[in-house]
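Student: I should like a close look at one part of this model, namely the places where the backbone departs from its usual geometry. Please set that part in the context of the whole chain.

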Amino acid sequence: MIAQGASLSSKLDQISSHLKPLSYAVDANNNITIAGLKVKDLLTKYGSPLYILCEETIRTRARLYVNAFKEFYSGESLVIYASKALNCKAVCKIIDSEGLGIDVVSGGELFTALSVGFPKEKIIFHGNNKGKDELEMAIENQIGSIMLDNFYELELISELLREKFSVDTVVNLSIRVTPGIECHTHEYIKTGRIDSKFGFDLSQVDELISRILALKEKYKNINIKGLHAHIGSQIFETMPHNDVAGVLLNQYKSLKDKYGISLQDINVGGGLGIKYHEHDDPPEINDWVKVVADSIVANCKALNLDLPRVIVEPGRSIVGPAGITAYKVGNIKNIPNLRKFVAVDGGMADNVRHIMYQARYYAEVDGKIGDAKTEKVTIAGKFCESGDILIRDIDLPELNHDDVLVVYSTGAYNYSMASNYNRVRRPAMLLVNNGRADIIIRRETYEDVVQWDELPQSLS
Ligand SMILES: Cc1ncc(COP(=O)(O)O)c(C=O)c1O
């Protein structure tokens with residue numbers, strides 16, 4: 001663990017230009033090491049493929065967000081880690097120990113956070129179709145905010161209060177709106193525009209407020225805590241978030257004028273992009289935070305509002321670059337004058353982002369760092385889908401069977417989207433720091449894979 005408040009060296013001012021974990025190094029034999037540990041040795045000990053997570057990178061990135069708000073914003077702020085990027089007990093613990101809150105989007109994510117004692121008041125529950133059982137868990141635990149996404153959800157909350165809770169139950173609600181802001185990102189990960197399955201259209205907010213106020217007549221401890229918008233993911237511009245803050249504060253002003261409501265929180269969501277490839281050039285965390293902070297201050301001044309607590313919800317930009325995945329090379333298929341496929345022992349079940357979003361990744365061959373990149377190859381997975389490709393057309397040194405291929409920036413939305421497709425066992429995840437490696441998610445066994453199967457009596 002690096003010490004709390006450890007000075008962030010000047011190289012961290014450019015952390016967004018990092019494609020690799022902070023503890024990445026190459027030894028004299030061209031072997032890749034993370035946190036002082038040879039990736040090759042880790043693979044021998046823990047098996048392949050293997051997710052490896054650098055603790056120092058997660059903590060440093062989390063701190064950069066927290067410290068940037070301290071530097072640029074004079075009001076209160078709360079950095080909430082969007083745990084859909086990677087949710088497991090160890091990551092929840094690290095995030096809590098850095099003082100961040102957490103955003104969960106399902107009963108499972110909420111359960112995981114609660115199971116390690118995550119402070120309930122710092123949990124926000126998102127989702128466009130939360131189940132009644134999930135809402136019940138959120139109310140029971142009096143979490144920081146249930147992020148209201150639609151009218152149906154309010155009906156379910158009202159039903160639950162009537163059926164299971166006393167009239168003085170505390171229910172903290174925030175409101176997710178679609179601010180109508182488009183950004184340059186992949187179609188499937190745009191969420192802030194009006195044609196979205198998430199959140200309320202701004203024209204619906206008045207109706208929503210009157211329904212909440214009606215419910216509040218009976219349940220006095222319903223609190224309307226804030227407004228939220230999330231406009232997409234892997235965003236390389238800062239201006240959209242400047243605009244989001246403006247839209248939310250104008251909406252806040254209108255609620256204040258019409259209903260006398262004072263909100264605590266303005267939440268501009270997450271979405272800051274990371275470097276997946278050498279040519280990617282995302283903004284620095286510091287610069288992004290400054291844009292958000294400046295916009296809130298300027299809009300509050302113009303609208304004569306007190307500074308709210310600012311909430312941001314980064315996921316990818318905290319854990320993405322902390323993760324690598326190491327694979328072993330197997331079959332190599334050369335189609336003369338067309339393409340060389342190099343297959344590895346994982347693929348779309350441990351990293352679905354290429355097949356889902358055409359995401360691009362960067363990789364290196366362990367032991368061959370610095371060797372001439374003499375081949376253009378396509379890294380294929382082992383799954384029975386032609387689209388199961390990890391990296392299309394990457395220049396690498398010549399690859400042989402049993403070489404170790406290391407793919408970078410796999411900390412976010414890889415394990416969390418992993419599956420047992422083809423009944424494979426999901427890989428283990430290691431947390432590494434200062435020469436120490438701990439398994440934080442154990443490798444599945446074949447017994448794990450069949451554990452939910454039942455044979456009806458007629459077949460047994
Ligand atoms: C509501 C919400 N907040 C935060 C995030 C995190 O986004 P990112 O991982 O791009 O920072 C997401 C991602 O989809 C989201 O839907």
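Tutor: In this predicted model, Y413 lies in the loop between strand 19 (404-408) and strand 20 (428-433). Its phi is near 60°, a positive value in a residue other than glycine. Most residues other than glycine have a negative phi, and most peptide bonds are trans. Is Y413 buried or exposed? Y413 is buried, because 25 other C-beta atoms lie within 10 Å, and 20 are enough for that label.

A second residue of this kind is Q234, whose phi is near 55°, again positive in a residue other than glycine. Q234 belongs to the loop between strand 11 (222-228) and helix 8. It counts as buried because it has 23 C-beta neighbours inside 10 Å.

The peptide bond between S48 and P49 is cis, with omega about -5°. P49 sits in the loop between helix 1 (39-46) and strand 4 (50-54).

A further positive phi, of about 60°, is taken by N304, just after helix 9. Helix 9 itself can be examined in more detail. At 1.5 Å a residue, its 19 residues (285-303) should span 27 Å, and the distance of 27 Å between its end C-alpha atoms agrees with this. Which residues of helix 9 are buried? They are I285, W288, V289, V291, V292, A293, S295, I296 and N299. The cover over these buried residues includes helix 2 (55-72), helix 8 (239-259), strand 12 (265-267), strand 13 (309-312) and helix 10 (316-319). Helix 8 thus appears twice in this account: it follows the loop that holds Q234, and it is part of the cover over helix 9. A302 is also found in helix 9, but A302 counts as exposed because it has 12 C-beta neighbours inside 10 Å. The C-alpha atoms of A302 and V91 are separated by 40 Å, and the two residues are 211 residues apart along the chain.

The domain division gives these places a wider setting. The protein chain is divided into domain 1 (10-54 + 321-450) and domain 2 (73-314). The C-alpha centres of the two domains lie 33 Å apart. Where they meet, 22 residues of domain 1 are in contact with 19 residues of domain 2. By class, the side of domain 1 that touches domain 2 has 13 nonpolar, seven polar and two charged residues.

The ligand is surrounded by 17 residues, of which the closest are A82, S233, G270, G315 and R316. How many nonpolar, polar and charged residues does the shell around the ligand have? It has four nonpolar, nine polar and four charged residues.

As to the whole, the protein chain has 12 helices and 21 strands. Its radius of gyration is 23 Å, close to the 23 Å that the globule rule gives for 460 residues, so the chain is as compact as a globular protein of that length. The C-alpha trace spans about 70 × 65 × 45 Å along its principal axes. Of the 460 residues, 45% count as buried; Y413 is buried, and so is Q234. Among contacts between residues at least 6 apart in sequence, 72% join residues at least 24 apart.

Technical notes:
Residues numbered from 1 in each chain as written. Predicted model: local features only at pLDDT ≥ 70, side-chain atom pairs only at ≥ 80, totals over all residues. Helix = DSSP H or I, 4+ residues; strand = E, 2+ residues; numbered from the N terminus. Expected span 1.5 Å × (residues − 1). Contact = placed C-beta atoms within 7 Å. Domains from an automatic or database assignment. Nonpolar A, V, L, I, M, F, W, Y, C, P; charged D, E, K, R; others polar. Rg over C-alpha atoms; globule rule 2.2 N^0.38 Å. Near = placed C-beta within 6 Å.
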